[in-house]
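Walk through this structure with me, from one loop to the ligand and on to the helix pairs.

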Amino acid sequence: MARLDPHSFADDTHPRTRAFDWKASVDFERRILAAEVTLHFTAPAKGGPLDLDTRALSIEAVTTISGAALKFVVHPADAILGSRLEVTVPAGTEAVRVTYRTAPDASALQWLSPEQTMGGAQPFLFSQCQAIHARSVLPCQDTPSIRQTYTASLEVPAPLRAVMAAASVGREVKGARAVERFEMPQPIPPYLFAFAVGDLASKDLSPRSRVWAEPAQVDAAAWEFGDVESHLEAAEALFGPYDWERFDLLVMPPSFPYGGMENPRLTFLTPTLLAGDKSLVNVVAHELAHSWTGNLVTNTNAEHFWLNEGFTVFAERRILEALEGEPMAALHAAVGFQSLQQAFEQHSAHPELTKLRTTLTGIDPDEAFSQVPYEKGFLFLKTLEAEAGRATFDRLLKGWLSTFRFKAASTDDFVAFFEKEAPGLLAKVDAKAWIDGPQLPAKYWKPHSTRLEAVQRIGARVPTANEVTTWGATEWQLYLDALPKPVSVAQCRALDEAFQLTTAKNPEVLVTWLGLATEAGDSTVLPRVEQVLGRVGRMKYLKPLYRALGKRAETKALAQSLFAKFKARYHPIAQQVIGRLVG
Ligand code: BES
Ligand code: ZN
């Protein structure tokens, strides 16, 4: 036997799932899904065991498609991996069916009461399966190295709408319940399985794109993301045809733990992107870019996560450069560079987590998550691009995408591909140090633009009103990030009085500011910090704010009491990650 992935029980000597059919009934009262999944194999089984990933599922029965009972064992749960479901599969079996229920605290699912939604009248349910949470929704071979197509049927209360990261193929109302059916014809890694149920309305943005949101937010969302077709066209010009037919968007409730999630055909987005000025559309560009880097060419497992995220940040900033120009892309790269420095500081006790290729046996991918695979991966690719020249690098990138299209790739695949297509290029940039060395090698690409240099010239002083007249949110973020820490309380007050940062509308600026002022010991911002922690569940904002509170003796207890107060509002993944951070 050989495991395919440090985060899955899937075994390469067992039958392999090719496709699955999923049927689930959503029970908002008990907060469970009553479900059944049929896993179809790539070939008839030779006879023997099949290990599936599950987490907190109650398994009721395992049968063949004709209903013959199969022997199974649910093994004791591993804290990270969940429970191995071992099924004994007779020779010749082509599919197995598992009937089960999910747990009310399933790690992928957040069940919201009506009060936790904008409309306040209907409940809401959504999934977040990346990295290893699909197993809490359905028993499966939960590794990105096994791609699967699927069909799904979701039974929901009739007033609600179900959406999935798949093609919708019909809705039937049966009394108080409605059944919505979906098909996913393109094979996906299980972490891209996704759905949401709620009071949802939609608005078309282009012939191949619409936005879904709660009715009260759908107009604002349609405005904010109105340029999505130009993103699609820019991305296709750079990376080749879009392979997923539709690119729809779903605005999530505020507790969504990420900024965006690249669920195929239906990207999930935090409502904090609705800034009213399109200043955060780079997140849409990022999730769209995943349609190539990540969803078409997928990392074999979380140890090669930089292949998903580093390539996607590179692609995101190429889209941004095409749409908004090089100075804008340079500003974003500079903000990314600051966040990479902060990630290096946070990992100072674990330098091995600052390598691009990581070893994650016994490590929960949600705990290993950081900006390193994003921003170090981005810098590595920019350094390669600068060395090879843009035209050559574009050719290599397209070759990479077409060679591994609808496949999984590892860091070794990356090295082999580049060695073959551009002999000597990797050695020129010291690729070994990038991939298996901590932090950064001596030589790396740096962004340049006059807009960037203007911000950098201000340094540690308070800028004048004149100097900031042309600043957008990204300049502010860059300036605040670059201030030497801790900033004095006096300087915090001067900044806030001059520029009203505590009421900043852009959440990136707001959270950067609140974190900095909290760390400085400026207690005037604490009511606003509490407000943000109570309203938003995006981990990118929760982490720096809880961390800043935890840094000072006088606010450490506040971090704990606020977490206790707001915990129930956060997604199960955020509850776990922030819980460990607060201690
Ligand atoms: N795929 C990630 C989100 C993710 C990563 C979920 C790991 C679970 C585990 C998504 O594409 C992402 O990177 N989102 C960023 C957007 C940003 C880089 C523009 C986010 O949420 O902040
Ligand atoms: Zn991403």
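**From a cis bond to the ligand and the helices**

A131 sits in the loop between β9 (124–127) and β10 (148–157). The model is a predicted one. What kind of peptide bond joins Q130 and A131? The bond is cis, and omega is about 0°.

Q130 leads on to the ligand. Around ligand 1 there are 16 residues, and the closest are Q130, G259, E262, E287 and Y374. Some polar contacts can be placed atom by atom. G260 offers a polar backbone atom, which is 3.3 Å from a nitrogen atom of ligand 1. H286 uses its side chain: an N or O atom there is 3.1 Å from an oxygen atom of the ligand. E309 also uses its side chain, with a polar atom 3.1 Å from a nitrogen atom of ligand 1.

H286 and E309 also take us to a pair of helices. Helix α3 covers residues 282–289 and helix α4 covers residues 305–324. Their axes come within 8 Å and cross at roughly 125°. An angle that is over 115° but not over 145° counts as oblique, so α3 is oblique to α4. The crossing is right-handed. On the α3 side, the contact is made by N282, A285, H286 and A289. On the α4 side, it is made by E309, T312, V313, A315, E316, I319 and L320. H286 and E309 therefore belong to this helix contact, and each also has an atom 3.1 Å from an atom of ligand 1. By class, the contact of α3 with α4 holds six nonpolar, three polar and two charged residues.

Now look at another pair. Helix α14 (residues 489–499) and helix α15 (residues 507–520) have axes that come within 9 Å. How do these two helices run relative to each other? The axes cross at roughly 150°. Angles over 145° count as roughly antiparallel, and α14 and α15 are therefore roughly antiparallel. The crossing is left-handed. From α14, the contact takes V489, C492, R493, L495 and D496. From α15, it takes W513, L516, A517 and A520. Seven of these residues are nonpolar, none is polar and two are charged.

Two backbone details remain, each in a loop. P486 lies in the loop between α13 (473–482) and α14. The peptide bond from K485 to P486 is cis, with omega near -10°. R265 lies in the loop between β18 (260–261) and β19 (266–269). R265 is not a glycine, yet its phi is positive, at about 70°.

Key
Residues numbered from 1 in each chain as written. Chains lettered and ligands numbered in written order. Predicted model: local features only at pLDDT ≥ 70, side-chain atom pairs only at ≥ 80, totals over all residues. Heavy atoms only, no water. Axes fitted to C-alpha atoms, helices over the stretch in contact; angles between N-to-C directions. Helix = DSSP H or I, 4+ residues; strand = E, 2+ residues; numbered from the N terminus. Parallel < 35°, antiparallel > 145°, perpendicular 65-115°, else oblique. Left-handed = near helix turned anticlockwise from the far one by under 90°. Contact = heavy atoms within 4.5 Å. Nonpolar A, V, L, I, M, F, W, Y, C, P; charged D, E, K, R; others polar. Near = heavy atom within 4 Å. Polar contact = N/O pair within 3.5 Å; in protein donor to acceptor, adjacent residues only side chain to side chain.
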